[in-house]
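Here is a short walk through one protein model. Look at the fold first, then read on.

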Amino acid sequence: MEKYLHLFAISMVPLIELRGAMIYAAANDMPFLTSFICCVIGNMLPVPFLIKFSKGILLRLSKVNKIGWIFQKIIDRGNKKAAEIGGWELLGLFLFVAIPLPGTGAWTASLVSALLQLRIKKSLLAIGIGVIVCGIIMGVLSFSVANIIA
């Protein structure tokens, strides 16, 4: 049970997320399906809160003396991109999360969603499906490598 709590916690850590958690599961000889479900739930748990509150946090930070301009620049850039992207945001969010590259997880996608002012339900769906696809890719890769090493 302790390993699953570690797995759950690892999958919620920014930048590590599900990608690192699936590697942890494979390295600790945990069952694929149970690990996968635990990682997906752990990775998705913070997402609605990130989408809901990250824009407000950025707005508050944009008003802080001496550093506010940095956060205002992020907000302005997000607003500009939202106008440019058109109807492809949700597909972009899905692909952004689904392809397991460093820095392209659910945390970053949640920030992007907030900056682009996308609807929470649609963003959750796109990010959730991306997390599932990424979990399958990382699970197959991680457990395959673990089996080859063993």
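The paragraphs below go from confidence to one helix, then to a loop and a surface patch.

This is a predicted model, in which local features need pLDDT of at least 70, side-chain atom pairs count only at pLDDT 80 or more, and totals for chains, interfaces and linings use all residues. Residues are numbered from 1 along each chain as its sequence is written, and side-chain values use heavy atoms, with hydrogens and water left out.

The mean pLDDT (the predictor's confidence in each residue, from 0 to 100) of the protein chain is 90. Helices here are DSSP runs of H or I, at least four residues, numbered from the N terminus. Among the elements, helix α3 (residues 32-44) has the highest mean pLDDT, 97. Helix α5 (residues 68-85) has the lowest, 76.

Now turn to helix α4, residues 47-61. Its 15 residues should span 21 Å, at 1.5 Å times one less than the number of residues. The end C-alpha atoms lie 20 Å apart, which agrees. Yet α4 bends by about 40° at Phe53; the bend is the angle between axes fitted to the seven residues ending there and the seven starting there. Its buried residues (under 20% relative accessible area, 1.4 Å probe, protein chains only) include Leu50, Ile51 and Leu58.

Ile51 leads to Leu118. The two are 67 residues apart in sequence and 8.8 Å apart in space, C-alpha to C-alpha. Leu118 sits in the loop between α7 (106-115) and α8 (120-149). Leu118 counts as buried because its relative accessibility is 16%.

Ile70 belongs to helix α5. Ile70 is partly exposed (from 20% to 50%), because its relative accessible area is 36%.

Notes: Helices (H or I, at least four residues) and strands (E, at least two) are DSSP runs, numbered from the N terminus.
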